[in-house]
Every structure is written in C-alpha cells, then in structure tokens.
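Take a walk through this fold, from a helix to a sheet and back to a helix. Keep the structure open as you read.

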Amino acid sequence: MRFRTGNTVVDTLLNMKYHEAVRDVPDLRMDADKLLFPQGIVIHSYDIGVILGNAVDNAIEACRKLQSKEPGADAFIRMSSLQKGNLLILKVENSFDGRLVQRRQEEFPVTDKADRRSHGIGLGNIKNTAEKYQGAVDFKVNGRVFILSVMMKNERRNEDAFRSDR
C-alpha cells in the first residue's frame, strides 16, 4: 500500500486511483503524507471517499490534460487534512494547464468534455456531501495550481441518530 492515511477506505481508494492514473501520466507525483484522519472521526468513510474520489478524478484529468499539451510538464497531486476544533478541512492541490472556464451564473468551473451530461458533476457531488456535515467547498487558482478546499463539521449528523445499525 502506497498510501496510509489512517482510513482504510481512503487508502484503498487512493491506491486504486494512483495505479489507474500512472497508466496515462507515468511520472505523476501523488502525495498524501499530510492527509491524516483523527481517531474519533464521525464523518462517514463513504462520504470522505465521495469527496476524495471526485477531487482526485478531477485532479488526474487535469494532470493528464496538462501533459498531453506539454509533455514533460510537472504533474502532481497533493492532499492534506487539518482538524481545527470540530472542523475537518481537506485540501487537494494539483497542477493544471492554467486554463479554467467559468460562467457567471455557475458556482464551479465548466467541464470541457463533449459529453456534459455525464461529466462536470464532481464538484457538485463534493459540495452536496460537504453540506451533509454543515460544510462548504471552496477553490482557488494559484498560477497553474488548482486548490480545492472542503470544510466539514466532524459531528454526528441528525440522520445518524435515527439509524438502528449504530
């Protein structure tokens, strides 16, 4: 196992995504050394997987596109987490070609893929999942680095109190 975050679901997901990605981007650097999960985390592993899975898919696509335009360009994905009180902050940074299309009424950048019905929903999925934990999603661009931040409260959700399997 290349990745060890303290969360088995996340470790499995990241290892799988990495092995898929290096087929298209052989020199991709994927770093999750600062992506660690606290012992008493109550955010469901499934939800963390939705967030990281979508974020890493987007980051891999951006790195693939960068290298197809500029062979030899530095392709990287860096993931980190930080806990401040009851807030869990996940951050995913990746290199990209510096080109981002965003429409005025749209909250997130627009996909550049031809099939827009099947693509361009990843950031929306991330936002919906973060909101389950009274959280939010933010992104910024720093030169040719895309930085996604997801903040969530590490608290039991009201729906969890009604589940009998807990």
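What follows starts at the first helix and then crosses the sheet strand by strand.

The model is predicted. Begin with helix 1, residues 8-24. Its 17 residues reach 25 Å from the first C-alpha to the last. That is close to the 24 Å expected at 1.5 Å a residue. Look next at the N-terminal end of helix 1, which Asn 7 caps. A side-chain oxygen of Asn 7 lies 3.0 Å from the backbone nitrogen of Val 9.

Which residues of helix 1 are buried? They are Val 10, Asp 11, Leu 13, Leu 14, Asn 15, Lys 17, Tyr 18 and Ala 21. Polar names such as Asp 11, Asn 15 and Lys 17 stand in that list beside Val 10 and Leu 13. The cover over these buried residues includes strand 1 (29-34), helix 2 (45-69) and strand 2 (76-84).

Now turn to the sheet. It is open and has five strands, in the order 1-2-3-5-4, with mixed pairing. Strand 1 and strand 4 (136-142) stand at the edges. Each has a single partner strand, so one side of each is left without a neighbour in the sheet. From one strand to the next, the twist averages 15°.

Start at the strand 1 edge. Strand 1 pairs with strand 2 in the parallel sense, over four bridges. Here Arg 29 stands opposite Phe 76 of strand 2. Helix 3, residues 122-131, also packs on the sheet. Helix 3 touches strand 4 and strand 5 (145-153). The direction of helix 3 makes about 25° with that of strand 5.

Strand 5 deserves a closer look. Is strand 5 mostly covered or mostly open? Strand 5 is mostly covered, with seven of its nine residues buried. In the strand order, strand 5 stands between strand 3 and strand 4. Strand 3 (residues 87-95) runs antiparallel to strand 5, and nine bridges join the two. Strand 4 also runs antiparallel to strand 5, joined by seven bridges.

Leu 148 ties these pairings together on the page. In strand 5, Leu 148 is the bridge partner of Val 92. Phe 139 stands opposite Leu 148 as well.

Finish at the turn. The hairpin of strand 4 and strand 5 has two residues between the strands. In this hairpin, Gly 143 takes a positive phi near 70°.

Conventions: Residues numbered from 1 in each chain as written. Predicted model: local features only at pLDDT ≥ 70, side-chain atom pairs only at ≥ 80, totals over all residues. Heavy atoms only, no water. Expected span 1.5 Å × (residues − 1). Buried < 20%, exposed > 50% of the residue type's maximum accessible area, 1.4 Å probe, protein only. Contact = heavy atoms within 4.5 Å. Polar contact = N/O pair within 3.5 Å; in protein donor to acceptor, adjacent residues only side chain to side chain. Pairing = 2+ DSSP bridges. Axes fitted to C-alpha atoms, helices over the stretch in contact; angles between N-to-C directions.
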